[in-house]
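Me: Before I rely on labels such as buried or exposed, I would like to go through the reasoning behind them. Could you take them one at a time?

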Amino acid sequence: MQPQPDLDAIQCTLDGPVAMVRLRRPAKRNALSDGLILALRHTFETLPDTARAAVVCGEGEHFCAGLDLGELRERDAAEGVLHSRMWHTALEAVEKGRVPVVAALHGAVVGGGLELASACHIRVADDTAYFALPEGTRGIFVGGSGSVRIPKLIGVARMMDMMLTGRVVGAEEAERIGLVQYRVGAGQALDKALALARRIADNAPLTNYALMHALPRIAEQASDHGLFTEALMAAVAQAAPEAKARLRAFLEGKAAKVRQDA
């Protein structure tokens, strides 16, 4: 029987222009069941029209402890491929959806939880957060797109080390190696993530969309292709009515100037 979305495992609410997406399986440390993965896909494919940014967080003491091993069962190769592709589709809905996503990370960010975090565009960790990829010690391999996304953040060598040794990376090291962009004190990740999401939501939507969808593709293109794609995207973005209004406001001295404490 095909799994169905567990819509009770996710809560999506609006905080102004920010969609708050909360994993709600605290008794399981927000472990990712098939139902939760399908609910995650459904949530990001049906975000409210008024949402201009999103925050993903976990209820309870942990962000997400990874795959729900209680659901782990023997699969043949074909079943394994289809299961992995189900995860890929869900996390693509996060990374390549309509709005930028900020992850608020605390406690365990392990296995599939780290794969989910890596699909978000900005990651904020508080000092309780710890990161690990224990699949190597369990005789399995990452299957939720981690082998593609995580090396882009920290490099192949660091990811290989995490998987070969099973070592745990703390919040301070995670910031240093680029696994997260922000580190804050214990209990402050959600507040910081919300503040960032509100700031992002104030950007022109087309610029946000270009940053989400064009910038990663440009980074993977040959230089001459990337420069041409950049020129096209710059032309499209600046032609938008909202961009023209913002530029006029700046030229007329009505827009805020860049400051170090901004």
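Reply: What follows is a set of questions and answers on a predicted model.

Me: Why is methionine 162 called buried or exposed?

Reply: Methionine 162, which lies in helix H5, has a relative accessibility of 1%, and since buried means under 20%, methionine 162 counts as buried.

Me: Which residues is methionine 162 in contact with, leaving aside its neighbours within four places in sequence?

Reply: With those neighbours left out, methionine 162 is in contact with Leu114, Phe131, Ala132, Leu133, Ile154, Arg167 and Val169, where contact means heavy atoms within 4.5 Å.

Me: What makes leucine 164 buried or exposed?

Reply: Leucine 164 also belongs to helix H5, residues 156-165, but its relative accessibility is 65%, and because exposed means over 50%, leucine 164 counts as exposed. Together with Val156 and Met160, Leu164 makes a nonpolar surface patch of about 330 Å².

Me: How do you know that the length of helix H7 agrees with what its 13 residues should span?

Reply: The expected span is 1.5 Å times one less than the number of residues, so helix H7, residues 189-201, should span 18 Å, and its end C-alpha atoms are indeed 18 Å apart.

Me: Why are the buried residues of H7 said to line one face of the helix?

Reply: The buried residues of H7 are Ala189, Ala193, Leu194, Leu196, Ala197, Ile200 and Ala201. Seen down the axis of H7, these buried residues fall within an arc of 165 degrees, so they line one face of the helix, whereas Asp191 and Arg199, on the other side of H7, are exposed.

Key: Residues are numbered from 1 along each chain as its sequence is written. This is a predicted model: local features need pLDDT of at least 70, side-chain atom pairs count only at pLDDT 80 or more; totals for chains, interfaces and linings use all residues. Side-chain values use heavy atoms; hydrogens and water are left out. Helices (H or I, at least four residues) and strands (E, at least two) are DSSP runs, numbered from the N terminus. Buried means under 20% relative accessible area, exposed over 50%, partly exposed in between (1.4 Å probe, protein chains only). The arc is that of the directions from the helix axis to the C-beta atoms. Patches are made of residues with over 30% relative accessible area and no salt bridge: like charges are joined within 9 Å, nonpolar side chains (Val, Leu, Ile, Met, Phe, Trp, Tyr) within 5 Å. Accessible areas come from the Shrake-Rupley method with a 1.4 Å probe; for residues, only the protein chains shown count as cover. A salt bridge is a side-chain nitrogen of Lys or Arg within 4 Å of a carboxyl oxygen of Asp or Glu.
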